[in-house]
Amino acid sequence: MAALPYLFLAVLLFHPAAAHSARAPPPSKPYAPTPPEKVQVWPKPASISWPSAVFAPLSPTFSIRASPSHPSLRHAIAYYTRLIRSERHAPLVPPANYTLSRAPINLLALSVSDPAVPLGPGVDESYTLSVPHDSGAADISAATPWGAIRGLETFSQLAWAGGGPAAGGQPIVPSDIEISDRPLFTHRGILLDTARNYYPVPDILHTLRAMAFNKLNVFHWHITDSQSFPIVLRTVPNLANFGSYSPTMRYTEQDVSRVVRYAEAFGIRVIPEIDMPGHAGSWAGAFPEIVTCANKFWAPSGKPALASEPCTGQLNPLKPKTYRVAHDVLRDLAAAFPDRYLHAGADEVNTACWEDDPMVRRFLRDGGTHGRLLELFVNATRPFMVHELNRTVVYWEDVLLGPKVAVGRTVLPREHTVLQTWNNGPENTKRIVAAGYRAIVSSASYYYLDCGHGGWLGNDSRYDKQEQEGEGEPLFNDPGGTGGSWCAPFNTWQRVYDYDILHGLTEDEAMLVLGGEVALWSEQTDAAVLDGRLWPRASAAAETLWSGNKGPNGRKRYADATDRLHEFRRRMVRRGIRAEPLQPLWCPLHPHMCNLAQ
């Protein structure tokens, strides 16, 4: 029975706001001598000062103003004004001892010192937030609009439905509070794979909104793969015409613009990925002459597999047309996505798939190598992205580390290359940064959210075995086995939260780690289950990438994180994000009683 909380979605129960209101004492001007309650903000801010448990109600005419103005900030102000005015968050365990300030807060004033700073890699997201006692106003100061947007999210989480009639039914926020905040890592993201299964644009926008609640700032859009090519590109529209699942499962130029603009309004960068030269089977419908081993059974009997999973096809580095098409794709992609980073994949190149082509076989017989084939491809596409498109190129770690096919460091200049890790946890991160490359960490054993959901291959007789598997054999159908999952176990929020992406690195090496991304590969996911797959596990990564997972004493903050994540998950659900529950509802209602140890 212990596993059941992780297998079923619980029905969310709400405590009536009236019950909380009844506990609120009458208004009082002097400071209360009681110790302050916890401030339930996610991700945890870097620094909070709140000397006394005093709250101030928001005025019914509460407003937010910024000086100077900025297009994205105007959108954020409109959004958060509506949210803060309308939201009535009822905590699972409301504060028990507090007083109310007599002066309601009429205004939240935003000041931005440099509104012209564009959204991009390494942008300053720091802010300070203060609610002076009995002043009737609150302030957020930030260097950039993007920091101000993070401060707005924090202010929205400070508000809750307390105070009762004394607050006039309005939300209340901590008074005399000072928050100084900035992220540990400048790259904090989610990868969403829209090629294995399609996600409608409203679901992508919904996810971007949830990312803003979590102060995540990078949407890594893994748009294409062998299974489908759903993006319509102006120069090569037939890639989508023949490579998408259907005309209703395509992203038009207008769709992409909508996603990019909506993301920017919340301070979120959109990094597109077109995976190549591997994972390119979907190109074969429009350009069969440049794709090797297309439309073949992925695991022929008695022969090497042609792909890491069903759906075969790789771009042929020996065909000149390959590069004409690839350049058209990349040029159109850069025109649609303004971010300075462009992800070009280069993972899981399959040698058998290339060898299926007679031209490649001749190349290998004449002394060529698989590494040389990949080098030809990288040398014909990377300079185009860097010099013609003015992009920094992101690749998966495979391009350098292999294990089967890789290129040398001279092919990948460090100043224009970022590598994303996914294998072997801290070991591969160490190898990348020790070689002088900037790294984005997505270690599968911790940050892949598709792990542990079981196999999805059909006609799999391994499930027939009922007796205990032999000693020394990899467990499959036995209890404790993988159940066919390509990666296991299921990465719980605790496992995500406790991962230290700088583990084993020197101080200089750690400086090369830009941050991390949790990844949702979509072989078994679509819009129907999207929220539950992402949240609250992506929230766990959001906090560790923003403020770490340790307290001032250097110890992991398990209990504090659990309490706050319960509250934040509850708030997300009220905001329309269908996040999975962490525990039975009994646990947060009985603090510390569900811990492993007292």
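**Exercise 1. Strand β10 and its partners**

Task: Decide whether strand β10 is mostly covered or mostly open, and count its buried residues.

Solution.
Step 1. Find strand β10 at residues 218-224. Keep in mind that this is a predicted model.
Step 2. Apply the cut-off: a residue is buried under 20% relative accessible area.
Step 3. Count. Seven of the seven residues in β10 are buried, and the strand is mostly covered.

Task: Which strands pair with β10, and in which sense?

Solution.
Step 1. Take strand β9, residues 187-193. It pairs with β10 in the parallel sense, over five bridges.
Step 2. Look for a matched pair of residues. Ile 190 stands opposite Phe 219 in β10.
Step 3. Now take strand β11, residues 269-276. Six bridges join β10 to β11, and these two run parallel.
Step 4. Check a pair here too. His 220 stands opposite Ile 271 in β11.
Step 5. Add the helix. β9, α4 and β10 make a right-handed β-α-β unit.

A general point helps when you look at neighbouring residues in a strand. In a regular strand the side chains alternate between the two faces of the sheet.

**Exercise 2. The barrel**

Task: How many strands form the closed barrel, and in what order do they run?

Solution.
Step 1. Follow the strands round: β9-β10-β11-β14-β15-β16-β17-β18.
Step 2. Count them. The closed barrel has eight strands, with parallel pairing.
Step 3. Find the turn between neighbours. On average, neighbouring strands of this sheet are turned by 30 degrees against each other, direction ignored.
Step 4. Zoom in on one pair. Strand β16 (residues 417-421) and strand β17 (residues 438-441) pair in the parallel sense over four bridges.
Step 5. Name a facing pair. Gln 420 stands opposite Ile 440 in β17.

**Exercise 3. The nonpolar cores**

Task: Describe the largest nonpolar core, and say which helix gives the largest share of it.

Solution.
Step 1. State the size. The largest nonpolar core has 153 residues.
Step 2. List residues with the most contacts inside it. Among them are Phe 155, Leu 208, Trp 221, Trp 283 and Val 399.
Step 3. Find the helix. The largest share, eight residues, comes from helix α4, residues 201-213.
Step 4. Look beyond this core. Apart from it lies another core, of nine residues, including Leu 191, Ala 444, Cys 487 and Ala 519.
Step 5. Return to Val 399. Neighbours within four places in sequence are left aside. Val 399 is then in contact with Ala 346, Leu 374, Val 378, Ala 406, Val 407, Leu 412 and Leu 419.

**Exercise 4. Two helix packings**

Task: Describe how helix α10 packs against α9 and against α7.

Solution.
Step 1. Recall what is needed. Two packed helices are described by the angle between their axes and the distance between the axes.
Step 2. Take α9 (residues 358-365) and α10 (residues 370-388). Their angle is about 115 degrees, and their axes are 10 Å apart. The crossing of α9 and α10 is right-handed.
Step 3. Name the residues that meet. Val 360, Phe 363 and Leu 364 in α9 meet His 370, Arg 372, Leu 373 and Leu 376 in α10.
Step 4. Take α7 (residues 320-336) and α10. The angle is about 30 degrees, with the axes 10 Å apart. The crossing of α7 and α10 is right-handed.
Step 5. Name some contact residues. On α7 they include Tyr 323, Ala 326 and Leu 330; on α10 they include Leu 376, Phe 377 and Phe 384.

**Exercise 5. Unusual backbone spots**

Task: Which two residues have a positive phi without being glycine, and is each buried or exposed?

Solution.
Step 1. Start from the general rule. Most residues other than glycine have a negative phi, and most peptide bonds are trans.
Step 2. Find the first exception. His 279 has a positive phi of about 55 degrees. His 279 is in the loop between β11 and β12.
Step 3. Classify it. His 279 has a relative accessible area of 9%, so it is buried.
Step 4. Find the next exception. Asn 459 has a positive phi of about 55 degrees. Asn 459 lies in the loop between α13 and α14.
Step 5. Classify it. Asn 459 has a relative accessible area of 84%, so it is exposed.

Task: Where are the cis peptide bonds before Pro 43 and Pro 403?

Solution.
Step 1. The bond from Trp 42 to Pro 43 is cis, with omega near -5 degrees. Pro 43 lies in the loop between α1 and β1.
Step 2. The bond from Gly 402 to Pro 403 is cis, with omega near 20 degrees. Pro 403 lies in the loop between α11 and β16.

Conventions. Residues numbered from 1 in each chain as written. Predicted model: local features only at pLDDT ≥ 70, side-chain atom pairs only at ≥ 80, totals over all residues. Heavy atoms only, no water. Core = buried A, V, L, I, M, F, W, Y, C linked by side-chain atoms within 4.5 Å. Buried < 20%, exposed > 50% of the residue type's maximum accessible area, 1.4 Å probe, protein only. Contact = heavy atoms within 4.5 Å. Pairing = 2+ DSSP bridges. Right-handed = clockwise from strand over helix to strand, strands pointing away. Axes fitted to C-alpha atoms, helices over the stretch in contact; angles between N-to-C directions. Left-handed = near helix turned anticlockwise from the far one by under 90°.
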